[in-house]
Amino acid sequence: MVNRDAELTEKILSLKKRRSAVILAHNYQLGEVQDIADFVGDSLELSQKAAKTNADVIVFCGVHFMAETASILCPDKVVLLPDINAGCPMANMITAEGLRQKKREHPGAIVVCYINSSAEVKAESDICCTSANAVKVIESLEAPEILFIPDQYLGHYISTKTDNKKMILWPGFCSTHVRIQPQDIIRLKLEYPQAKAVVHPECRPEVITLADEVLSTSGLCRYASRSEVKEMIVGTEIGITHKLKKENPGKKFIPASEQAICPNMKLITLEKVLWSLEEMTPEVKVPEEIRPKARTAVDKMLEVA
Ligand code: 13P
Ligand code: SF4
């Protein structure tokens with residue numbers, strides 16, 4: 001297996017050079033995929049990297065909305081998603097038509113769209129945000145009424161951090177993060193009394209209340225590197241423990257729940273990355289009828305943070 005991975009890695013790296021490609025990977029990717037990437041990060045960092053890259057091809061090791069965001073920002077580049085079925089169930093919980101209907105019900109509201117959404121939905125929104133900059137984005141807005149889509153739990157968390165804003169929440173959620181239960185945190189805190197509990201804002205409010213910190217995936221990685229943190233209960237998708245362990249040898253990382261696995265993130269494998277670079281497919285390309293409007297919402301976010 002190790003030899004097979006080494007062989008695949010060698011082929012990927014040489015083909016990557018020939019294609020003038022960059023490999024971007026999300027923090028939840030399989031360890032071996034993270035290890036061949038040029039950059040591993042959270043949704044905000046990955047979109048910032050995509051916006052700045054000089055490469056001709058972006059191989060996106062993540063899920064569909066992330067590759068779409070890269071295509072929105074880099075229309076002249078080829079964006080490859082090594083498995084086209086790698087979607088995000090939360091992003092699929094809202095459609096552009098559903099959003100248009102909701103906007104008619106709340107004509108005065110500003111639409112803030114979590115980046116975990118389709119390009120079509122972004123095109124119907126005023127501004128995007130990620131888990132790393134959501135509070136900052138909301139605070140930058142003058143409007144008293146905000147329609148926050150599609151993650152009700154991230155929306156709820158922001159509403160506890162910002163004043164004087166009426167938040168209307170779309171009832172979407174992440175099917176992976178809801179598997180983390182308050183009992184998991186309570187049990188692990190008793191078992192590891194020294195450990196800090198750090199959770200992602202996609203978790204349920206009852207889980208968030210029990211946490212020491214609520215952070216994006218890369219925020220969680222930065223927190224883990226602090227000298228006072230020796231043990232950490234990790235309240236997010238378990239793929240992140242690969243990076244945490246690699247960057248912090250000797251520290252202890254305890255997944256809040258072994259059930260917190262995003263099956264879509266795991267669809268990307270080394271074999272598929274190689275195949276994708278060989279065949280230059282599957283390509284994700286946002287149509288020009290949608291792209292400029294979606295770009296406005298993404299750019300506005302990047303201006304804020
Ligand atoms: P981050 O932006 O924190 O990496 O989160 C993305 C995501 O899909 C979490 O489930
Ligand atoms: Fe979507 Fe949740 Fe997977 Fe993130 S972890 S990609 S929000 S399903």
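**Exercise 1.** State how strand β9 pairs with β10, and place the pair in its sheet.

*Solution.* Strand β9, residues 196-199, and β10 pair in the parallel sense over two bridges. Strands and helices here are DSSP runs numbered from the N terminus (E, at least two residues, for strands; H or I, at least four, for helices), and two strands pair if DSSP finds at least two bridges between them. The bridge partner of V199 is V214 in β10. The model is predicted: local features need pLDDT of at least 70 and side-chain atom pairs pLDDT 80 or more, while totals for chains, interfaces and linings use all residues. Residues are numbered from 1 along each chain as written, chains are lettered from A and ligands numbered from 1 in the order written, and side-chain values use heavy atoms, without hydrogens and water.

Next, the sheet: four strands in the order β10-β9-β11-β12, open, with parallel pairing. β10 (213-214) and β12 (252-255) are the edge strands, each pairing on one side only. Helix α11 (residues 217-224) packs on this sheet and touches β9, β10, β11 (231-235) and β12; contact means heavy atoms within 4.5 Å. The direction of α11 makes about 175 degrees with that of β11, where axes are lines fitted to C-alpha atoms (for helices over the stretch in contact) and angles run from 0 to 180 degrees between N-to-C directions.

**Exercise 2.** Describe the sheet with the order β6-β5-β7-β8 and the helices on it.

*Solution.* This open sheet has four strands in parallel pairing. β6 (127-129) and β8 are at the edges with a single partner strand each, so one side of each has no neighbour in the sheet. The twist averages 30 degrees from one strand to the next. Strand β5 (residues 110-114) pairs with β7 in the parallel sense over four bridges, and V112 stands opposite F148 in β7. Helix α5 (residues 96-105) lies across β5, β7 and β8, at about 165 degrees to β7. α8 touches β5, β7 and β8 as well, with its direction at about 170 degrees to that of β8.

**Exercise 3.** Locate the cis peptide bond between I149 and P150, and the positive phi of N164.

*Solution.* The bond joining I149 and P150 has omega of about -20 degrees. P150 is in the loop between β7 (145-149) and α8 (152-161). N164, with phi near 55 degrees, is in the loop between α8 and β8 (166-169).
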